[in-house]
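This report describes a predicted model. It covers the sheet, the nonpolar cores, the salt bridges and one surface patch.

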Amino acid sequence: MDSLKQLFGQFILARKYLKNISDATAYSYGNACQALFTLHGSDLRLGDLTKEQLSNRIITMRQHGLSAGGCNVYIRTVNAFLNWLHEEDRIKAKIKLPLLKEEQKVIQPFSVDQARRIVHWKPKCDSMRRLHVLMLLLLDTGMRIEEAFTLRKEQVNLDDLLITVNGKGKKQRIIPMSFEMRKILFRHLSGSTSILVFSTRNGLRLKHRNVLRDMKDVAKRIGIAGVRVS
């Protein structure tokens with residue numbers, strides 16, 4: 001009999017090739033798998049998988065300080081896995097964990113002064129100049145960070161001031177940019193050989209963790225406080 005770890009691997013492959021989930025979603029599923037098997041060990045089998053055990057795992061997560069939102073990411077993944085197990089006749093009972101209630105907070109936006117500080121920041125090196133263009137694009141268009149990371153040069157229409165992005169759920173959408181943003185992107189793209197608008201020195205895509213770290217560092221240096229920088 002396959003272990004749950006092996007079954008989880010089969011589940012991710014099925015979601016990737018039959019449901020066409022994104023790499024980011026597959027990565028999220030992998031994190032949930034790691035959370036499950038870090039607690040129980042890699043020898044956990046189907047007979048050990050019960051609603052009580054999974055509920056106890058949620059309790060443990062909460063006791064270790066994980067937010068309700070963080071737990072819900074785990075719960076949604078586990079529920080999808082449980083549903084797949086049921087559809088594949090691996091388990092008879094259909095188990096579903098309830099989502100936790102999340103506190104709904106209003107996200108404080110940047111003030112005009114804070115946005116102006118970002119616009120007028122003068123980076124000193126190539127990596128920081130790239131970060132500056134990325135931050136300006138997010139401010140100008142409101143696109144998601146994943147959309148910016150996967151943005152290719154061919155998707156940027158400088159003539160018509162339009163950008164075609166690959167949005168959440170693999171849905172394309174077209175968003176406008178300002179004249180000032182066009183100038184900034186033109187200069188940025190003129191010196192780039194990568195197919196991506198934003199990439200590492202070797203042409204690879206950027207990583208969320210590194211960009212978030214750098215954004216927070218820049219915000220601190222230019223005196224932005226009291227708002228979430230993400």
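## Sheet, cores and salt bridges

An open sheet is formed by 3 strands in the order S1-S2-S3, with antiparallel pairing. Strands S1 (156–157) and S3 (172–176) are at the edges with a single partner strand each, so each has one side without a neighbour in the sheet. S1 and strand S2 (residues 162–166) run antiparallel and are joined by 2 bridges. Opposite Leu 162 in S2 stands Asn 157.

The largest nonpolar core contains 34 residues, and Leu 134, Met 143, Ile 163 and Leu 185 have the most contacts inside it. Two or more residues each come from helix H6 (126–141), helix H7 (145–149), S2, helix H8 (179–190) and helix H9 (208–221). H6 gives the largest share of this core, 8 residues. Apart from this core lies another one of 29 residues, including Ala 26, Ala 35, Ala 80 and Ile 91. In soluble globular proteins, nonpolar side chains tend to be buried together.

What is Ile 163 in contact with, leaving aside neighbours within four places in sequence? The contacts of Ile 163 are Leu 137, Thr 141, Met 143, Leu 151, Gln 155, Arg 173, Ile 174, Ile 175, Met 177 and Leu 185.

The model has 9 salt bridges. The table lists some of them, with N to O distances.

| Side chains | Distance |
|---|---|
| Asp 126 and Arg 129 | 2.6 Å |
| Arg 173 and Glu 147 | 2.8 Å |
| Glu 180 and Lys 183 | 3.1 Å |

The bridge between Arg 173 and Glu 147 links distant parts of the chain, since Arg 173 is in strand S3 and Glu 147 is in helix H7, 26 residues apart. Glu 147 is buried, at 2% relative accessible area, whereas Arg 173 is partly exposed at 31%. Together with Arg 144, Glu 147 and Arg 173 are linked in a network of salt bridges.

The other two tabulated pairs lie within helices. Asp 126 and Arg 129 are 3 residues apart in helix H6, so about one helical turn separates them. Asp 126 is exposed, with a relative accessible area of 57%, and Arg 129 is partly exposed at 38%. In helix H8, Glu 180 and Lys 183 are also 3 residues apart, which means a separation of about one helical turn. Glu 180 is partly exposed at 48% relative accessibility, and Lys 183 is partly exposed at 43%.

On the surface, Leu 13, Tyr 17 and Leu 18 make a nonpolar patch of about 410 Å². Leu 13 lies in helix H1 (residues 4–18) and is partly exposed, with a relative accessible area of 49%.

Definitions and conventions:
Residues numbered from 1 in each chain as written. Predicted model: local features only at pLDDT ≥ 70, side-chain atom pairs only at ≥ 80, totals over all residues. Heavy atoms only, no water. Patch = residues over 30% accessible without salt bridge, like charges linked within 9 Å, V, L, I, M, F, W, Y side chains within 5 Å. Areas by Shrake-Rupley, 256 points an atom, 1.4 Å probe, with all protein chains shown as cover. Salt bridge = Lys/Arg side-chain N within 4 Å of Asp/Glu carboxyl O. Helix = DSSP H or I, 4+ residues; strand = E, 2+ residues; numbered from the N terminus. Buried < 20%, exposed > 50% of the residue type's maximum accessible area, 1.4 Å probe, protein only. Pairing = 2+ DSSP bridges. Core = buried A, V, L, I, M, F, W, Y, C linked by side-chain atoms within 4.5 Å. Contact = heavy atoms within 4.5 Å.
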